[in-house]
Amino acid sequence: MSHLHLHIGAGHTSLAQAHPAQQPSSMPIGWQSVLAAGPQRLPSPAALEMAIMQVEDAISTCWPQSLALNTISGSDPALYQIATQCGLPLQPGSQLGRHSVESLFSRLANAVEGGSAAGLPDAVDFVGSLLILRELMHHLDIAAITLERAAS
């Protein structure tokens, strides 16, 4: 399989070939549609669990097999924000590993359960993108995301 590029949009998430000759494969869940925005910025524990189940179901429908990839690429602003939270340098070529994403998601889950959210962004695009990224990396067996410069 050739190199894939990840895009987590507001209403969908796609994995596209580096050469756009093929249609991207996508799921109808994005950072905005996965979490219903409520009066608080962080979701409730129940809302986070429901969102996880929703993303897992969408992944298993859209990508029924593990991709087992060492790396895919991405250039969404939320990916750069996630990389910052993981302590990575903000430059194209930096690799955001599955372990770092898991650790950051654990911080989010702790904050949702009432723990400290100090320094953790609570914007819907960050929280939704982190959730989707974590589930994709886990269920599709993606080891890392290589940050690319956003298209201008």
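Two strands are taken to pair if DSSP finds at least two bridges between them. By that criterion, in this predicted model, strand β1 (residues 4-8) pairs with β2: five bridges join the two strands, which run antiparallel. One point of register is given by L4, which stands opposite Q17 in β2. The connection from β1 to β2 is a hairpin of four residues.

Strand β2 also has a partner in β3 (residues 25-27). Three bridges join β2 to β3, and these strands too run antiparallel. Here S14 has S26 of β3 as its bridge partner.

The surroundings of β2 (residues 13-17) deserve a separate look. Five of its five residues are buried, so the strand is largely enclosed by the rest of the structure. The burial concerns both faces of β2: T13, L15 and Q17 lie on one side, S14 and A16 lie on the other, and all are buried. Two of these residues have already appeared in the pairing: Q17 is opposite L4 of β1, and S14 is bridged to S26 of β3.

The wider arrangement may now be set out. The protein contains five helices and six strands, and from the N terminus on the order of elements is β-β-β-α-α-β-α-β-α-α-β. Of the 152 residues, 42% are buried. Among contacts between residues at least 6 apart in sequence, 68% join residues at least 24 apart. The accessible surface of the protein comes to about 7700 Å², and carbon and sulfur atoms account for 53% of that surface.

Among the helices, α4 (residues 98-112) can be examined for its geometry and its cover. At 1.5 Å a residue, its 15 residues should span 21 Å, and the end C-alpha atoms are 21 Å apart, which agrees with that expectation. The buried residues of α4 are V101, L104, F105, L108, A111 and V112. Because these residues cover an arc of only 110° around the axis, they are placed on the same side of α4.

What lies over that set of residues? The elements covering the buried residues of α4 include the helices α2 (45-62), α3 (77-85) and α5 (124-139), together with strand β5 (95-97). Beyond the helix, α4 is followed by G114, whose phi is positive, near 105°.

Strand β2 and helix α4 thus illustrate two patterns of burial. In β2, buried residues occur on both faces, whereas in α4 the buried residues are on the same side of the helix.

Notes. Residues are numbered from 1 along each chain as its sequence is written. This is a predicted model: local features need pLDDT of at least 70, side-chain atom pairs count only at pLDDT 80 or more; totals for chains, interfaces and linings use all residues. Side-chain values use heavy atoms; hydrogens and water are left out. Buried means under 20% relative accessible area, exposed over 50%, partly exposed in between (1.4 Å probe, protein chains only). Contact means heavy atoms within 4.5 Å. Accessible areas come from the Shrake-Rupley method with a 1.4 Å probe; for residues, only the protein chains shown count as cover. The expected span of a helix is 1.5 Å times one less than its number of residues. The arc is that of the directions from the helix axis to the C-beta atoms.
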